[in-house]
Structure formats: C-alpha cells, structure tokens
Amino acid sequence: MDNGTDPTPTRHEAGNKRSFGRRIIIGVASLLVILAVAIGVFGYHYFQTSLKPYDADDQNVVQVHVPLGATSNKIGQILQDKKVVKSGMVFNYYVKSNKFTNFQAGYYQLKPSMSLKQIATQLQKGGSAEPIQSQAGKVLVREGETIDQLAAEIPQTTDFTKKEFMSLMKDQAFFNQLAVKYPQLLGSAKQAKHVRYRLEGYLAPATYQASKKMTLKQIVTQMVGNMNQQLQPSYAAIKKQGRSVQEVLTLASLVEREGVTQSDRDKIAGVFLNRIKAGMALQSDITVQYALKTTKKTLTYKDLKVKSPYNLYIHTGYGPGPFANPSASSIKAVLHPADRKKGYYYFIANTKTGKVYFSETYAQHQEKTSSLASDNK
C-alpha cells in the first residue's frame, strides 16, 4: 500500500552515514596510532632502563651458576631470575651488539649494582668450579638437627642454596674423599647399606665460620673434622665394646631426641642397648618420623607400619644409620649408659612435666602409660 512516502534515503542522509563511518575509522586509526606511540615510548623507556644496573645501590653479592653450554639468551634469563639484570632479553641484545663472546661456565659472584658491561666482562673471565662464600658468615648445626633441616637453613646465613647443599650431601665422590681423610670416623658409614645420607649424624653440632671465598665442601669438612676430633678419645672404647661408629651415632641420634637431661639420656641409652641385646625392636617414634620425613608428634597405626629400613618398629637392630646429628652428651650416654643391670626395656615421658619413667616389663609399661594418658593427650 502506498502511504505517500519515498523509502529511498536522501543525499543528505547518505552523506551523514558516510561521514559517521569515516569518523569511526579515523577514530580507530587514531587510537591505534596513539597506542603504537605509547608502546614505542614504553618500549624505549624499558630498553633504556634495562641497560642500566638492576639497583645501583645494592652491593649485596648474588651467586649465579652458568651451566656448561649456556647461550647468551639462557644466561640472560638466569641473570634476570636472580635479579642481577632487569631484562634477560636486553642483556642478550647488549652482549650480541657489543660482540661479547666466549662466556665461561661456572659460579659467579655478581651484584645488582654492576653494569651490563661489568657482568659481561666477568662472564668472559670465568667463574669458580664450585660455589664459594662471598663474605664472612656463620653456619649453625643444632643438636639433633637432620641434614634436611640444616639444608633449609644454609641459605639464610651463606651464599649457598639448599639445592647445592643437598647435592653435596649426595655426592659419593666427596664422601669418599672424607672417608680417606677420616677413616676411623667414616669407615663404617662407608660400608652401610640403604642410608639416605652417608653424612647424616657426622656433622658435629656447633657454630662454624664461613669465611670469604670458602667453598661449601670446606665448610662441611669442618663439621666432619669436628666430629672426628670429638670421637678421637673414644675410638678405642667403641672398638672394645664391639660396636661401630655408625651404630654409636645412630643410637646417640635417638637418645638426643628422646631425652633432655643427661641422667635421662644415660638411662634411655641403657634401654636401647638392652633391647638390641635381647633382639627387640627399638620402637622409637623418631625412626618412623624420619622414615616418613615428617615431624608430626602423633603417629597413626598405619604410620608405624611404613615400609622403610629406617622404621625400627618393624625392623630390629640399629637400622641403616643415624637419624640426626647428635650432641657430644648423647654420644657419651651411648658409650657410658646407666642402669643397664636394672633390666629396663621400656620408658615413657610425661609430656607435661618432662619426667621419664622406666619399666622392666611390658605390663608395667602399659600401666604407667595408662596413668599418664590424661597428661599425654
């Protein structure tokens, strides 16, 4: 039906639509130009900033490991991750454009305040074959501390990482060198089977100086040397008792965690030795915690059945080796135990008071355990 109107747009209306379309295109193009300029400005600023030191005021030394065969691109990423340079990509561009080549593998002591030129020059000169300490520090080995626990603390006071320390603890060649140097101390450890770490128990508790330019091997050698010095007067007694150093340190590591006072440790050592002589399992929760790599105090029935040579609930004897690094007092307790002739085979502590009770029979032990149930919840 014809209503008298013409549906064809007028020339004015068509012109308005084309004009609006052009404005949109121009607007989008303008935004793209502005965005491109902004990216360019930002990129230029980022590039120029990345050519400068990461932090000109930061003189702290960062130990950086450059692996064999690493490309400049890979090295740049390592330096960026270690926060020595701002951009690994810019570092890679810089060394290539300035013809820096022949970077050497090794460990480097670098600072965030160093320029890219200084870093590149150092990488050409070469680093050390193994990690070294950049400044004076200290390492504390606590009584009853495990190698895993010590590894977590190493980075807090030295330039060495947890990974580097753990790698050294698993280094058989390093252990063999120590065994040659300290044959009396490490002879039985060298023969041990199924051990987690051969140096577990052999790092004498003490505070050690980590002098400048010292290697991690030198620091650990101090610890082992200290243990050898402590045991030197006792090697004859250990041999006379028919035990090995590995066995003595194993029991000492358990006594360390089970007893607090010297008197209690002497008696607990006597209990452990009585049980071993009788062919009984030591049944120490500490052995299960070590097997499970846990520090939880309450163990389940399932935990006590864990299949591990370190679980001395299901295995008799000493087990593979020490469960921690024992103190001199705990070692003394094993070499000079108390009250063995009283025939104690069991003990339990009141967790509230710390008092330790000793029993001759399992029935007596159960009775004492029941009486302490409310305190030992």
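1. Let us start with a pair of residues you can find in the strands: Gln 63 stands opposite Gln 109, which belongs to strand S2. Please keep in mind throughout that this is a predicted model. Strand S1 covers residues 62–66, and S2 covers residues 106–110. The two strands run antiparallel and are joined by five bridges. S1 is also mostly covered, with four of its five residues buried.

2. From Gln 63 we can step to a charged residue, because Gln 63 is one of the residues that Glu 164 touches, when residues up to four places away in sequence are not counted; contact here means heavy atoms within 4.5 Å. On that same count, Glu 164 also touches Tyr 107, Pro 131, Asp 159 and Leu 216. You will find Glu 164 in helix H6, residues 162–169. Which side chain of opposite charge is nearest to Glu 164? It is Lys 82, 6.4 Å away. Glu 164 is buried yet has no salt bridge; the distance to Lys 82 is 6.4 Å, and a salt bridge needs a nitrogen within 4 Å of a carboxyl oxygen, so this pair does not count as one.

3. Now for the nonpolar interior. In soluble globular proteins, nonpolar side chains tend to be buried together. Here the largest nonpolar core has 67 residues. Phe 165, Leu 185, Leu 186, Leu 199 and Leu 203 are the residues with the most contacts inside this core. Take Phe 165 and leave aside its neighbours within four places in sequence: Phe 165 is then in contact with Ile 147, Leu 150, Ala 151, Ile 154, Leu 203, Leu 216 and Val 220. Apart from this core lies another, of 20 residues, and Ile 78, Tyr 94, Phe 100 and Leu 123 are among them.

4. Next, two small residues in loops are worth a look. Ala 192 sits in the loop between helix H8 (183–191) and strand S4 (206–210). Is Ala 192 buried or exposed? Its relative accessible area is 11%, and buried means under 20%, so Ala 192 counts as buried. Not counting residues up to four places away in sequence, Ala 192 touches Arg 198, Gln 246 and Pro 320. The link to Pro 320 is a nice one to trace on your screen: the two residues are 128 residues apart in sequence, but their C-alpha atoms are 6.3 Å apart in space.

5. The second loop residue is Ser 284, placed between helix H12 (262–277) and helix H13 (285–292). Ser 284 has a relative accessible area of 2%, so it is buried. Which residues does Ser 284 touch, leaving out those up to four places away in sequence? They are Leu 254, Glu 258, Phe 272 and Tyr 313.

6. Let us turn to charges that do pair. Side chains of opposite charge can pair when their charged atoms come close. How many salt bridges does the structure hold? There are five. One of them joins Glu 145 to Arg 142, with the closest N and O atoms 3.7 Å apart. Glu 145 is buried, at 4% relative accessible area, whereas Arg 142 is partly exposed, at 41%. Arg 142 and Glu 145 are also linked with Glu 153 in a network of salt bridges.

7. Another salt bridge connects Asp 303 and Lys 296, and its closest N and O atoms are 2.9 Å apart. Asp 303 counts as buried, with 10% relative accessibility. Lys 296, at 36%, counts as partly exposed.

8. A further salt bridge runs between Asp 339 and Lys 342, where the closest N and O atoms are 3.9 Å apart. Both partners are partly exposed: Asp 339 has a relative accessibility of 25%, and Lys 342 has 46%. Asp 339 lies in the loop between helix H14 (328–335) and strand S5 (346–349).

9. Finally, please check some backbone angles. Asp 339 has a positive phi of about 60° although it is not a glycine. Lys 83 also has a positive phi of about 60° and is not a glycine either. Where does Lys 83 sit? It is in the loop between helix H2 (72–81) and helix H3 (88–97). With a relative accessible area of 52%, Lys 83 is exposed.

Definitions and conventions:
Residues numbered from 1 in each chain as written. Predicted model: local features only at pLDDT ≥ 70, side-chain atom pairs only at ≥ 80, totals over all residues. Heavy atoms only, no water. Buried < 20%, exposed > 50% of the residue type's maximum accessible area, 1.4 Å probe, protein only. Pairing = 2+ DSSP bridges. Core = buried A, V, L, I, M, F, W, Y, C linked by side-chain atoms within 4.5 Å. Lys, Arg positive; Asp, Glu negative; His and termini not counted.
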